[in-house]
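Open the model in your viewer and keep the sequence panel at hand. The tour goes one selection at a time.

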Amino acid sequence: MDKQTVIQKIKDAGIVAVVRAENGESAKKISDACLEGGVPAIELTFTVPGAHRVIEELAAEYKNGEMILGAGTVLDAETARIAILSGAQYIVSPCYDEATVRLCNRYAIPCMPGVMTIKDVVAALEMGVDIIKLFPGDSFGPGMVKAIKGPIPQANIMPTGGVDVNNVAQWIKAGVAAVGAGSSLTKGAKTGDYKAITETGRQFVENIKNARASLAR
């Protein structure tokens with residue numbers, strides 16, 4: 001799947017599931033549950049033990065493109081390269097690291113660095129970043145998206161942190177390209193209730209769809 005196709009599929013989905021887990025088995029179950037709930041974009045974080053092996057397994061299982069598989073919590077270019085070689089189709093970072101962005105550009109892999117300032121937004125755009133992660137989203141709120149897109153309307157923003165089924169419509173209406181959802185989506189895994197993850201995923205998808213429809217009116 002080429003870079004632009006990956007980016008477009010993430011935008012179409014409107015949501016990226018941020019998968020953190022205590023072990024690889026749980027991470028895979030969470031990823032499967034999200035996909036079943038209509039959330040195909042998975043960000044498998046490198047806080048998961050053996051994350052690169054989990055990415056390899058998921059990439060092999062969903063080799064026909066059912067899952068848009070990315071790597072998250074990537075702090076440096078070295079980790080990004082490991083993730084890409086393991087099968088990650090995009091890279092997500094909690095911060096802006098120029099070396100990581102450069103490496104991803106070298107291999108035509110979408111990179112979504114985390115930013116907190118307008119300066120970082122502009123720096124990311126100048127490096128060719130297609131989707132900018134606003135992190136932590138709960139420290140800013142949807143109003144920050146409007147503030148950024150006022151002077152920089154071309155920025156594609158993806159907030160992560162503090163996004164849930166009850167406020168996702170506010171983020172969509174503020175103009176985000178997609179949202180990142182972590183514990184608010186995957187918390188069922190703590191009790192082994194993976195069906196709850198699937199159901200929450202469906203609620204996210206429905207609320208995003210409705211919010212986008214209201215904007216189109």
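Select strand 3, residues 68-72. Five of its five residues are buried, so defined when relative accessible area is under 20% (exposed is over 50%, partly exposed in between; 1.4 Å probe, protein chains only). Ile68, Gly70 and Gly72 lie on one side and Leu69 and Ala71 on the other, and both faces are covered. Strands here are DSSP runs of E, at least two residues long, and helices are runs of H or I, at least four long, both numbered from the N terminus.

This is a predicted model: local features need pLDDT of at least 70, side-chain atom pairs count only at pLDDT 80 or more, and totals for chains, interfaces and linings use all residues. Residues are numbered from 1 along each chain as its sequence is written, and side-chain values use heavy atoms, with hydrogens and water left out.

**The six-stranded sheet**

Add strand 2, residues 41-45. Strand 2 pairs with strand 3 in the parallel sense over five bridges; two strands count as paired if DSSP finds at least two bridges between them. Pick out Leu44: its bridge partner in strand 3 is Ala71. Glu43 has Gly70 as its bridge partner in strand 3.

Move on to strand 1, residues 15-19. Are its residues buried or exposed? Five of five are buried. Ile15, Ala17 and Val19 point one way, while Val16 and Val18 point the other way. Strand 1 joins strand 2 through four bridges, in parallel. Val19 has Leu44 as its bridge partner there. Leu44 is thus a good residue to label: it is the bridge partner of Val19 and also pairs with Ala71 of strand 3.

Now look for strand 9. Three bridges link it to strand 1, again in the parallel sense. Val16 stands opposite Gly180 of strand 9.

Show the whole sheet. It is open, has six strands in the order 5-4-3-2-1-9, and its pairing is parallel. Which strands stand at the edges? They are strand 5 (111-112) and strand 9 (179-181); each has a single partner strand, so one side of each is left without a neighbour in the sheet.

**Helices 3 and 4**

Select helix 3 (residues 51-61) and helix 4 (residues 77-86). Their axes, lines fitted to C-alpha atoms over the stretch in contact, are 8 Å apart and meet at an angle of about 25°, on a scale from 0 to 180 degrees between N-to-C directions. That makes the two helices roughly parallel (under 35 degrees; over 145 is roughly antiparallel, 65 to 115 roughly perpendicular, the rest oblique). The crossing is right-handed: the near helix is turned clockwise from the far one by less than a right angle.

Show side chains at the contact, meaning heavy atoms within 4.5 Å. His52, Ile55, Glu56 and Ala59 of helix 3 meet Ile82, Ala83 and Ser86 of helix 4. By class, four of these residues are nonpolar, two polar and one charged (nonpolar: Ala, Val, Leu, Ile, Met, Phe, Trp, Tyr, Cys and Pro; charged: Asp, Glu, Lys and Arg; polar: the others, Gly among them).

Stay on helix 4. Ala77, Thr79, Ala80, Ala83, Ile84 and Ser86 are buried. The buried residues of helix 4 pack against helix 3, strand 3, strand 4 (90-92) and helix 5 (98-106). Then step to Gly87, which follows helix 4 and has a positive phi, near 120°.

**Helices 2 and 10**

Select helix 2 (residues 24-36) and helix 10 (residues 194-216). Their axes come within 7 Å and cross at roughly 40°. This crossing is right-handed too. Helix 2 contributes Ser26, Lys29, Ile30, Ala33, Cys34 and Glu36 to the contact, and helix 10 contributes Tyr194, Ile197, Thr198 and Arg202. The contact has five nonpolar, two polar and three charged residues.

**The three-stranded sheet**

Next, show strands 6, 7 and 8. They form an open sheet in the order 6-7-8, with parallel pairing. Strand 6 (114-115) and strand 8 (157-159) are the edges; each has a single partner strand, so one side of each lacks a neighbour in the sheet. Two bridges join strand 6 to strand 7 (residues 132-134). Val115 has Leu134 of strand 7 as its bridge partner.

**Last stop: Lys11**

Find Lys11 in helix 1 (residues 3-13). Its relative accessibility is 25%, so Lys11 counts as partly exposed. Which residues does Lys11 touch, not counting those up to four places away in sequence? They are Ile131, Asn156, Ala177 and Arg212.
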